[in-house]
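Reader: I am in my first year of study and would like to learn how to read a protein model. May I put some questions to you about the one shown here?

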Amino acid sequence: MTTTSREYAAALFELAAQAGVTKETSEGLETVISAQLQQPAYRALLASPAISKEERLAALDETFRGKIPDVLLAILRMMISRGHVSALNGMARDYEELARGYRGESLAVVTSAVHLKEAETVALRQKLEKK
């Protein structure tokens, strides 16, 4: 991750924690990232210097106001204003790392030599969640 994405993630996490919306912010980030993956032209619009900053901010507000926490919308507006939209994916990953640490969670990647049956996957997930 870049320094820029880490700084935005840290600021977002601090604001979300103060407002008590860390989980909602995680969900909001998923919404924003998903929207950009489904509509690459939307991400290009938000990042385009050929479109006025006011138009880009209006597009962001129109799409997400009331659907994501205000703290997330404020950080996204700042990223657009400063020309840092390219740091969004890294910021989302960095935020999730901070949020998992805050919740006392760890990320586990499991590799199996054979395909696990659904019951085996469920049992493994339950066992890992207890730890």
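Reader: Where is Val-110 found in the chain?

Author: Please keep in mind throughout that this is a predicted model. Helix H6 covers 88-103 and helix H7 covers 118-130. Val-110 is found in the loop between helix H6 and helix H7.

Reader: Is Val-110 buried, partly exposed or exposed?

Author: A residue counts as buried under 20% relative accessible area and as exposed over 50%. The relative accessibility of Val-110 is 49%. Because this value falls between the two limits, Val-110 counts as partly exposed.

Reader: Which residues form a nonpolar patch on the surface, and what is their accessible area together?

Author: Val-110 is one of the members of this patch, and Leu-124 and Leu-128 join it there. Together, the accessible area of Val-110, Leu-124 and Leu-128 is about 220 Å².

Reader: Is Leu-107 buried or exposed?

Author: Leu-107 also belongs to the loop between H6 and H7. Its relative accessibility is 64%. The limit for this class is over 50%, so Leu-107 counts as exposed.

Reader: How many Å apart in space are Leu-107 and Glu-55?

Author: In sequence, Leu-107 and Glu-55 are 52 residues apart. From C-alpha to C-alpha, the distance between Leu-107 and Glu-55 in space is 38 Å.

Reader: How many helices and how many strands are there in the chain?

Author: Read from the N terminus on, the elements run α-α-α-α-α-α-α. The chain accordingly has zero strands and seven helices.

Reader: What share of the residues of the chain counts as buried?

Author: The chain has 131 residues. Its C-alpha atoms fill a box of roughly 55 × 30 × 30 Å along the principal axes. The share of residues that count as buried is 33%.

Reader: Is Thr-22 buried or exposed?

Author: Thr-22 lies in helix H2, which comprises residues 22-38. Leaving aside neighbours within four places in sequence, Thr-22 is in contact with Phe-13, Ala-16, Ala-17, Tyr-95 and Tyr-102. Its relative accessibility is 12%, which is under 20%, and Thr-22 therefore counts as buried.

Reader: How many salt bridges does a search of the whole structure find, and which residues do they join?

Author: In one salt bridge, the side chains of Asp-61 and Arg-65 meet at 3.2 Å, N to O. Asp-61 also forms a salt bridge with Arg-77, with the closest N and O atoms 2.6 Å apart. The search finds two salt bridges, and shared partners join Asp-61, Arg-65 and Arg-77 into one network.

Reader: Why does the pair of Asp-61 and Arg-77 tie together parts that are apart in sequence, and by how many residues?

Author: Asp-61 lies in helix H4, residues 53-64, whereas Arg-77 lies in helix H5, residues 70-81. The pair therefore ties together parts whose separation in sequence is 16 residues.

Reader: Which class of exposure applies to Asp-61, Arg-65 and Arg-77?

Author: Asp-61 has a relative accessible area of 18% and is buried. The relative accessible area of Arg-65 is 47%, and that of Arg-77 is 27%. Because both of these values lie between 20% and 50%, Arg-65 and Arg-77 are partly exposed.

Reader: How far apart are the mean positions of the positive and negative charges of the chain?

Author: The chain has 17 positive charges and 17 negative charges. The distance between their mean positions is 4 Å.

Definitions and conventions: Residues are numbered from 1 along each chain as its sequence is written. This is a predicted model: local features need pLDDT of at least 70, side-chain atom pairs count only at pLDDT 80 or more; totals for chains, interfaces and linings use all residues. Side-chain values use heavy atoms; hydrogens and water are left out. Helices (H or I, at least four residues) and strands (E, at least two) are DSSP runs, numbered from the N terminus. Buried means under 20% relative accessible area, exposed over 50%, partly exposed in between (1.4 Å probe, protein chains only). Lys and Arg count as positive and Asp and Glu as negative; His and the chain ends are not counted. The place of a charge is taken as NZ of Lys, CZ of Arg, CG of Asp or CD of Glu. A salt bridge is a side-chain nitrogen of Lys or Arg within 4 Å of a carboxyl oxygen of Asp or Glu. Patches are made of residues with over 30% relative accessible area and no salt bridge: like charges are joined within 9 Å, nonpolar side chains (Val, Leu, Ile, Met, Phe, Trp, Tyr) within 5 Å. Accessible areas come from the Shrake-Rupley method with a 1.4 Å probe; for residues, only the protein chains shown count as cover. Contact means heavy atoms within 4.5 Å.
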